[in-house]
Amino acid sequence: MAADTSLDADQILADANQQLAEEIAGLDALENEPGEDGSGVHRFWSALWPKAAAIGLALLGWQVVVWTHWKPEYILPGPNKVFPALWDMSRSGVLWDAVGTTMRRAVTGFAIAVLVGCCIGLLVSTFRLARVAFGSLITGLQTMPSVAWFPLALVLFKQSEAAIFFVIVLGAAPSIANGLLTGVDNIPPLLTRAGRVLGAGRVAQIRYVVLPGALPSFISGLRQGWAFAWRSLLAGELLVIIANKPSIGSRLDFDRQFNDYPSMMAMMLVILLLGVLIDSLVFTQLDRAILRRRGLVPTR
């Protein structure tokens, strides 16, 4: 009798577990978008075709402008002349030398800007007196055009990479600091009080409460800081040309001076492509990772 009762209980428990699993599977199905099969090919194509269509429309619009003969074709060349010039630069290695120099400067300058911006942001967000003293100054520096710093940079550092890094940091660091400040300001007070109740000191409060809570706004500040750094870098390479160090900016200036307009526009396409790739492969992925970790986007 006791054995039968045990078997019945086990059967009831198994049926309950099966029913619960079916209900959970039904809720998961509701979260999926209609028609989404979850396959890698489908997701890849869904992400690819809008970008491909936009590129196609842009190329078509470019060619239409050339067909209107608004400017002579030797001044405003079409894709049929620009893409062969890009291929020639790629095959000769000129393109890769220029891209390598520019990307090295971009990564180095942006890394310094992140370090400076984080230090300033943490200092100003932690001490109220620092917020009152430097808060408006950071915003003012952010709104100042990067090219306005180059006369001072050239006076201080002459024609050198230090002048370029100087302007990159001044252009990007305020945006990064403001992103961190905004994130800290938007942290719910309940979280900071909970950290204090649990015994977190100042350093632990910053490590486990402030930085995780400010992360979404901080990533937005990094993205904006990168945009400022990229623009500052290309402006600097147009003004500060260093011998034996070919870069994208110096190639642009040389092509303009020698009236090689197909190569000039090819380098402009490279600048655009690099900006899109870095945003898509770095900052967009960081945004998705943070949102997914917080349960704000589907995990599949």
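**Ring pairs, helix 10 and two loop residues**

Let me begin with W62, which counts as buried because its relative accessible area is 15%, below the cut-off of 20% used for that class. Everything I say today refers to a predicted model, and each value has been computed from that model. F83, in contrast to the buried W62, is partly exposed, with a relative accessible area of 37%.

These two residues bring me to the aromatic rings, of which the structure has six pairs by the rule applied here. In the pair made by W62 and F83 the ring centres are 6.5 Å apart and the planes stand at 50°, so this pair is classed as tilted. Since W62 belongs to helix 2, residues 40-67, and F83 to helix 3, residues 79-92, the pair ties together parts of the chain that are 21 residues apart in sequence.

The next pair is F110 with F283, whose ring centres lie 6.4 Å apart with the planes at 90°, and which is therefore edge-to-face. This pair links distant parts of the chain, with F110 in helix 4 and F283 in helix 11, 173 residues apart. F110 is buried at a relative accessible area of 13%, and F283 is also buried, at 5%. Which residues do ring pairs link into a cluster? They are F110, W226, W230 and F283.

Let me now step back to the whole chain, which has eleven helices and zero strands, so that, read from the N terminus, every element in the order is α, a reading that rests on how helices and strands are assigned. Of its 300 residues, 33% count as buried. If one takes the contacts between residues at least 6 apart in sequence, 70% of them join residues at least 24 apart. The accessible surface comes to about 18,600 Å², and carbon and sulfur atoms account for 68% of that.

I turn next to helix 10, residues 248-257, whose buried residues are I248, G249, S250, L252, D253 and D255. Against which helices do these buried residues pack? They pack against helix 4 (94-126), helix 9 (202-239) and helix 11 (261-293). I248 is a useful residue to look at in detail, as it lies in helix 10 and, at 0% relative accessibility, counts as buried. Leaving out residues up to four places away in sequence, I248 touches A98, V99, T102, L234, E237, M267, V270, I271 and L274. The C-alpha atom of I248 is also separated by 9.5 Å from that of W96, although the two residues are 152 apart along the chain.

On either side of helix 10 there is a loop residue that deserves a look at its backbone. As a general point, most residues other than glycine have a negative phi. N244, in the loop between helix 9 and helix 10, has a positive phi near 65°. Is N244 buried or exposed? With a relative accessibility of 80%, N244 counts as exposed, because that class begins over 50%. N259, which follows helix 10 and is found in the loop between helix 10 and helix 11, likewise has a positive phi, near 60°, without being a glycine. N259 is exposed as well, with a relative accessible area of 52%.

Another site worth showing is E161, which is placed in helix 7, residues 161-185, and counts as buried at 12% relative accessibility. What does the side chain of E161 make a polar contact with? Its partner is the side chain of R105, at 2.9 Å. When neighbours within four places in sequence are set aside, E161 is in contact with R104, R105, I242 and K245.

I will finish on the surface of the model, where L273, L277, L281, V282 and L286 form a nonpolar patch with about 430 Å² of accessible area together. One of these residues, L273, has its place in helix 11. Helix 11 has thus come up several times, as the helix that holds F283 of the edge-to-face pair, as one of the helices against which the buried residues of helix 10 pack, and now as the place of L273.

Methods. Residues numbered from 1 in each chain as written. Heavy atoms only, no water. Helix = DSSP H or I, 4+ residues; strand = E, 2+ residues; numbered from the N terminus. Buried < 20%, exposed > 50% of the residue type's maximum accessible area, 1.4 Å probe, protein only. Polar contact = N/O pair within 3.5 Å; in protein donor to acceptor, adjacent residues only side chain to side chain. Contact = heavy atoms within 4.5 Å. Patch = residues over 30% accessible without salt bridge, like charges linked within 9 Å, V, L, I, M, F, W, Y side chains within 5 Å. Areas by Shrake-Rupley, 256 points an atom, 1.4 Å probe, with all protein chains shown as cover. Salt bridge = Lys/Arg side-chain N within 4 Å of Asp/Glu carboxyl O. Phe/Tyr/Trp six-rings, centres within 6.5 Å; stacked < 30°, edge-to-face > 60°.
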